[in-house]
Every structure is written in structure tokens, then in C-alpha cells.
Amino acid sequence: MRFAVPGQDVNREPFNDQIPDFHYRSSLMQTDRGYKCRITNIVPLTENEKLFQLRILDPDERNIFRFRPGQFLMLQIPGYGEVPISISSSTSNNEQVELCIRKAGHVTSALFEARMGAHVAIRGPFGSSFPMEEMNGRHVILVAGGLGIAPLRAPLFWINDHRDCYGDVHLLYGTKESSQMLFTYQFEEWEKINHISMHTIVEKASPDWSGRTGMITELFDEVEIEPDNTYAIVCGPPIMFKFVCNYLDKQGIPMNRMFVSLERRMHCGMGKCCRCMVGSTFTCVDGPVFDYWSVMNLKEAI
Ligand SMILES: Cc1cc2nc3c(=O)[nH]c(=O)nc-3n(C[C@H](O)[C@H](O)[C@H](O)COP(=O)(O)OP(=O)(O)OC[C@H]3O[C@@H](n4cnc5c(N)ncnc54)[C@H](O)[C@@H]3O)c2cc1C
Ligand code: FES
């Protein structure tokens with residue numbers, strides 16, 4: 001069954017078998033504009049991950065800042081450097097930009113020492129995005145492994161903001177241990193208020209975990225898949241999205257209806273320095289969001 005959405009031709013077949021030309025690339029959204037920000041809140045999530053809420057200082061700049069789900073920013077920590085980070089907030093929230101950050105090395109460790117009120121800067125937004133409008137009227141399966149929930153929050157918020165436009169929405173989320181599960185405080189809201197079916201699993205159970213144990217693909221036994229009418233967004237380590245996308249492929253979901261976010265070391269974020277290249281593709285401007293068909297055709301992408 002397809003869901004009728006005002007203005008949409010439900011009989012339209014939006015895909016063909018050709019390699020898509022990165023049609024969801026939103027180059028108009030790419031700017032090198034910098035914004036000074038203040039850290040307004042820091043939410044500790046786990047030992048190594050925090051949610052940073054930033055407010056763009058200039059009210060006019062705050063009003064013009066727009067992004068699409070799946071895009072990323074370059075976050076500058078004065079005196080330390082700049083790192084690419086996915087935007088993890090709602091596109092409809094003009095007041096704050098949320099970034100979920102794992103302490104990895106030089107720059108992110110410096111940020112973890114920052115207090116509320118500290119000043120940082122952002123540049124962007126950059127890159128391609130998830131084709132949320134194209135998914136209108138369809139079921140959506142979101143699959144996140146570990147920190148992969150960070151880039152998934154923006155499409156999740158988008159779906160929540162336009163809930164009537166989508167069919168069944170499932171969020172499958174897996175981590176190594178329950179202590180690494182992020183945003184658990186929002187699960188109830190996503191499930192009860194936003195009608196998103198939540199499915200969680202951990203690889204290694206601890207005494208406090210009463211849920212399922214195993215690999216994320218095992219969660220698919222809780223989901224009835226209508227392959228002709230379903231899109232998938234998959235974020236997490238490449239080994240995970242390879243297993244997940246191959247499973248969904250076997251279920252009959254076309255590869256050009258599965259979207260993944262690729263991470264590479266980045267410097268400029270704008271297709272100038274070539275640091276993020278995979279073959280002749282710039283991960284920063286052609287990606288980070290690619291459909292799985294394109295990823296399979298990119299040598300050494302995964
Ligand atoms: C498009 C994009 C979106 C991202 N979104 C997020 C996010 O939402 N939250 C988040 O915590 N991180 C995200 N990252 C990863 C983040 O950019 C790196 O963790 C960060 O650059 C590390 O910087 P550092 O100076 O702290 O560490 P460094 O001192 O530079 O490195 C520490 C360790 O991390 C590894 N590393 C650094 N950058 C990357 C990378 N891009 N991919 C894989 N390994 C890397 C290094 O090899 C090294 O082992 C994203 C990366 C990209 C490209
Ligand atoms: S990060 Fe410089 S070209 Fe992509």
C-alpha cells in the first residue's frame with residue numbers, strides 16, 4: 001500500500017535502474033559561511049560522548065542558518081583546529097544547533113574541556129542530504145549503529161515534524177554495550193508521541209540490560225518489510241551498513257532506496273583540498289550521503 005500525500009502522484013515510479021547522478025546533492029545549501037556560536041548547554045550522554053547545544057550569536061545569522069538532514073558542519077575550536085561533525089538537531093529548530101560528539105583526539109578532547117558559555121565557530125552546512133521529500137508516502141527504516149544515531153537524529157526530527165507524510169517508521173539501533181546507547185531519554189517520546197517503532201539490541205549484555213542481545217541485523221525479525229514501498233537510512237560503521245544493506249537488498253529493497261553516510265578525513269569541506277576523495281568522488285560535496293548503489297560503485301568506499 002502507498003500512502004497518498006497531497007500533491008504527490010502515488011502511481012509515479014520514482015526510480016529507474018540507472019546509476020543516480022547524486023540527485024539528492026544539495027549544492028545550493030553549501031556555503032563557506034562562518035558563524036560565531038556560544039555553547040549554551042552540554043549534555044553528557046556516555047563516558048565518551050556529549051551533546052553540545054550551540055547558539056549562533058548574531059540573531060540575523062541565526063535566522064538565515066538552514067541545513068538539510070544528513071549535512072555536516074566544520075566545527076572550529078579556537079587554538080585547536082577544525083573537525084567535520086554531522087548536524088544532529090531538527091531543521092525546524094532555529095534557536096540551537098545540536099552536535100553529538102565523541103571524544104576522539106586533539107580537537108574533540110579540547111572541546112570536551114569547554115564549559116557552557118564558551119565560544120566556538122561553525123562553517124557550513126556542507127554536503128549532500130537524505131532525500132526526505134522523495135520518501136514521502138513510503139515506509140522508512142532507520143538503522144543506526146553506535147554513534148551513527150547522531151546523523152540519524154536530523155531525519156528523525158524531520159519525520160516527526162512531517163509525520164503524516166510517512167507510512168510506518170522503524171528505528172533499529174544497536175550498540176556494543178547498553179552503556180554506549182545514546183539518547184535513551186528520547187526513546188519513549190519517539191515511540192509514544194511520534195509513532196516510531198523502536199527496536200534496540202546490544203552485542204554484549206550487562207546485568208542492567210533486559211533487552212535483546214546480538215547483531216543489529218537480528219532486529220529485522222521484528223519488522224515486516226514491504227520492499228516496493230520502503231526506504232532505508234543506515235548510519236554507522238561501514239562494516240555494519242554493509243551487512244544491513246546486503247540484508248535489505250536480499251529482502252528486495254532497491255539499492256538506490258537505501259542511503260548511507262560515509263565518513264572520511266576532511267579538511268576544507270568544499271571540494272578544494274582533495275583530502276576526502278574516494279576515486280574521483282569528493283566525500284565532502286558528493287557525500288557524505290550516498291545511496292548504496294553509488295557506494296557499491298565507488299572503489300574502496302567501504
Ligand atoms: C561527514 C562527517 C561527519 C562526522 N560526524 C561526526 C559526529 O556527528 N560526531 C562525532 O563525534 N564525530 C563525527 N565525525 C568524526 C569526527 O570528524 C572525528 O572524530 C574528528 O575529526 C576527530 O578529530 P580530533 O582532532 O578530535 O581527532 P584526531 O586527533 O584527528 O584523530 C583521533 C583519531 O580519530 C580518527 N579520526 C579522525 N577523523 C576521522 C574521521 N573523519 N573518520 C574516521 N576516523 C577519524 C583518527 O584516525 C585517529 O585515530 C564526522 C566525520 C565526518 C567526515
Ligand atoms: S574535504 Fe577538502 S575536498 Fe573534501
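A residue counts as buried if 20 or more other C-beta atoms lie within 10 Å of its own, and as exposed if 12 or fewer do. With that rule in mind, begin with the chain as a whole. The model is predicted. Of the 302 residues in the chain, 40% are buried. Colour the chain by secondary structure, and six helices and 15 strands should appear. Among the contacts with a separation of 6 or more, 72% join residues that are 24 or more positions apart in the chain.

**First stop: the ligand**

Select ligand 1 and display the residues around it. Its shell holds 20 residues, and the closest are Val 83, Ser 86, Gly 105, Val 107 and Thr 108. Three elements each give two or more residues to this shell: strand S4 (81–86), strand S5 (97–102) and helix H2 (106–113). Which element gives the most to the shell? Strand S4 does, with four residues. Now colour the shell around ligand 1 by residue class: twelve residues are nonpolar, four are polar and four are charged.

**Second stop: two peptide bonds**

Most peptide bonds are trans. The next two selections show the cis form. Select Gly 124 and Pro 125, which are joined by a cis peptide bond with omega of about 5 degrees. Pro 125 has its place in strand S6, which covers residues 119–126. Then move along the chain to Gly 287 and Pro 288. The bond from Gly 287 to Pro 288 is also cis, and its omega is near 10 degrees. Pro 288 belongs to the loop between strand S14 (281–282) and strand S15 (289–291).

**Third stop: two positive phi angles**

Most residues other than glycine have a negative phi. Select Phe 183, whose phi is positive, near 60 degrees. This residue is found in the loop that lies between strand S8 (169–177) and helix H4 (187–193). Is Phe 183 buried or exposed? Phe 183 has 21 other C-beta atoms within 10 Å, and therefore counts as buried, because the cut-off is 20 or more.

Finally, select Cys 274. Phi of Cys 274 is likewise positive, near 70 degrees. Its loop runs between strand S12 (258–261) and strand S13 (277–278). Cys 274 has 10 C-beta neighbours inside 10 Å, so this residue counts as exposed, because the limit for that class is 12 or fewer. The tour thus ends with two loop residues of positive phi, Phe 183 and Cys 274, the former buried and the latter exposed.

Note on methods. Residues are numbered from 1 along each chain as its sequence is written. Chains are lettered from A and ligands numbered from 1 in the order in which they are written. This is a predicted model: local features need pLDDT of at least 70, side-chain atom pairs count only at pLDDT 80 or more; totals for chains, interfaces and linings use all residues. A residue is near a molecule or strand if its C-beta atom, placed from the backbone, lies within 6 Å of it. Ala, Val, Leu, Ile, Met, Phe, Trp, Tyr, Cys and Pro count as nonpolar, Asp, Glu, Lys and Arg as charged, and the others, Gly among them, as polar. Two residues are in contact if their C-beta atoms, placed from the backbone, lie within 7 Å.
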